[in-house]
Amino acid sequence: MLDFLKFNLISFVIVLISRWIIVPFDHIDISLANYMWLPIGSTIIVTLMFGFSRSFYGILTALLLVAGINKGFVWDPYQFSYIGKVIDSLGPIVSIMMMRVFQLSDFFDSGKVNHLHIVFLVILNSIVVTLPKVFIYPLGGKEIPDPVAFMSSYISSDIVGGLVFIYAFVLLFKPILIKNKLI
Amino acid sequence: MNTYIQSSSIVVVATGLSLSLQPPIYSEQGNYLWLPLGAIVLSYLLFEYKAILGVFIGTMISGFLFLDAWSSVGGYRFGLIESAIAVISPYLAFLSIRKFELSPFFNNYKINFRHITFFVILSATYDAMFKFSHLLLATESDISPSLLMRHYFLGEIIGGLVFVIFLLKLFDIFVKRLK
């Protein structure tokens, strides 16, 4: 129980920081994504490090909290945006599960992180979280004026943000990762 | 030369079979058993990059023979881009899996069905995304994006898996009998 709380709290802090950094770059137009969506990298990292249940609640709370603050905790026109945050939190779990179920990768080769598989996970995750949004966002009555621009902007921002965050994370925590023989 | 003929003919046969099983009612409607994706996936598994030209020829021939729908949607230019998407998407999926060292698809000369299933799903995802974008950009269709995506995505996954698994199992039985 203590581990559960501790790891969820760490996940919460990491995801909150990664989301908070990019708030100034948010767009009002939902067709355009934030061009460096760092939270995708942080959600992948914490899910891989701590496991599904020990990170999911922390991720979800952090993303919902920032979304709530940005939207003044108003529910009505933004309910589908909040559902988008649930999708963002579930995305890494679904992608990791997919890669494990199809026996493509466990992300570690003899205890060391396989970075090629992590890069693919970022790409897969970006697709997994973007496709449902194309169908869910318009349900609230908000039209997506250009679904093609929406998809390309969201997928590219997720990939760029994910890779940048993971690269920065590895650079920052290199000594710890080397000490644990992970890289 | 043989590679081109084999890969193009397998695509033409699969398209004909698909359309005879479920003819499209209107152009933007996908087919819930889109076998050609399986044929293209199989071509790449067997011949790798050498199949690209054959697959492209196959999709073009299929378009002329069976997909009269092209003329109602956007003509030959539309069909040419659709064919290119049909060729590129599975190859992109194939390259993604190979370049990221996820799978060689065969373990000790045995087919890994799980990896091939993932290959089909990834190909269908890329294909559905590109075709969806192309349809929205090239035509002024007012079809619901979710309906269109569902048709393409589901149809390609089901058709692709049915075709690949059926043919590979058949091939497996055939090889065992020969032994």
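Reader: Let me start with a backbone detail. Which residue just after α3(A) takes a positive phi?

Author: That residue is A:G72, with a phi of about 65 degrees. Please keep in mind that this is a predicted model, and that local features are read where pLDDT is at least 70.

Reader: Good to know. What is the mean pLDDT of chain A?

Author: A general caution comes before the number: where pLDDT is low, the predicted coordinates should not be read in detail. For chain A the mean is 87, and 96% of its residues reach 70 or more. Strand β1 of chain A, residues 108-109, has the lowest confidence in the chain, with a mean of 82. The highest is found in α2(A), at 93.

Reader: How should I read the order of elements, and how many helices and strands does chain A have?

Author: Walk along from the N terminus. Chain A has seven helices and two strands, in the order α-α-α-α-β-β-α-α-α. Chain B also has seven helices and two strands, but its elements run α-α-α-α-α-β-β-α-α.

Reader: Now the overall form. What radius of gyration does chain A have?

Author: Chain A has 16 Å, and this agrees with a compact globule, because 183 residues would then give a radius near 16 Å. Along the principal axes, its C-alpha atoms fill a box of roughly 50 × 35 × 30 Å. Buried residues account for 33% of the 183 residues in the chain. As for contacts with a separation of 6 or more, 77% of those in chain A join residues 24 or more positions apart.

Reader: And what are the corresponding values for chain B?

Author: In chain B, 41% of the 179 residues are buried. Residues 24 or more positions apart make 78% of its contacts with a separation of 6 or more.

Reader: Let me go back to the helix before that glycine. What span does α3(A) reach, and which of its residues are buried?

Author: Helix α3 of chain A covers residues 53-70, 18 in number, and reaches 27 Å from first C-alpha to last, close to the 26 Å expected at 1.5 Å a residue. For the pattern of burial, here is the general idea: an α-helix has 3.6 residues a turn, so residues three or four places apart point the same way. In α3(A), the buried set is A:S55, A:F56, A:G58, A:I59, A:L60, A:A62, A:L63 and A:V66. Their cover includes α1 (2-21), α2 (39-50) and α4 (79-101) of chain A.

Reader: What do the buried residues of α5(A) pack against?

Author: They pack against α2, α4, β2 (112-113) and α6 (147-172) of chain A, together with α5 (75-99) of chain B. The buried residues of α5(A) include A:I118, A:F120, A:L121, A:N125 and A:K133. This helix, residues 115-136, has 22 residues and spans 32 Å, close to the 32 Å expected.

Reader: A single residue next. Is A:G84 buried or exposed?

Author: Count the neighbours around its C-beta position. A:G84 is buried, because 20 other C-beta atoms lie within 10 Å and the cut-off for burial is 20 or more. A:G84 is found in helix α4 of chain A. Beyond its neighbours within four places in sequence, A:G84 is in contact with A:K133, A:I136 and A:Y137.

Reader: Is B:F106 buried or exposed?

Author: B:F106 is exposed, because 12 other C-beta atoms lie within 10 Å and 12 or fewer counts as exposed. B:F106 sits in strand β1 of chain B, residues 106-107. Leaving aside neighbours within four places, its contacts are B:I111 and B:N112.

Reader: Which residues have the most contacts inside the largest nonpolar core?

Author: The general idea is that in soluble globular proteins, nonpolar side chains tend to be buried together. Here the largest core has 75 residues, and those with the most contacts inside it are B:A39, B:I40, B:V41, B:F119 and B:V120. Helix α6 of chain B, residues 113-138, gives the largest share of this core, with 11 residues. Apart from neighbours within four places, B:A39 is in contact with B:I10, B:V11, B:A14 and B:F163.

Reader: Finally, how many residues of chain B are in contact with chain A?

Author: There are 16, in contact with 14 residues of chain A. On the chain B side, α6(B) gives the most, with nine residues. By class, that side has seven nonpolar, seven polar and two charged residues.

Definitions and conventions
Residues are numbered from 1 along each chain as its sequence is written. Chains are lettered from A and ligands numbered from 1 in the order in which they are written. This is a predicted model: local features need pLDDT of at least 70, side-chain atom pairs count only at pLDDT 80 or more; totals for chains, interfaces and linings use all residues. A nonpolar core is a set of buried Ala, Val, Leu, Ile, Met, Phe, Trp, Tyr and Cys residues joined through C-beta atoms within 7 Å. Helices (H or I, at least four residues) and strands (E, at least two) are DSSP runs, numbered from the N terminus. Two residues are in contact if their C-beta atoms, placed from the backbone, lie within 7 Å. Ala, Val, Leu, Ile, Met, Phe, Trp, Tyr, Cys and Pro count as nonpolar, Asp, Glu, Lys and Arg as charged, and the others, Gly among them, as polar. The expected span of a helix is 1.5 Å times one less than its number of residues. pLDDT is the predictor's confidence in each residue, from 0 to 100. The radius of gyration is taken over C-alpha atoms; the globule rule is 2.2 Å times the number of residues to the power 0.38.
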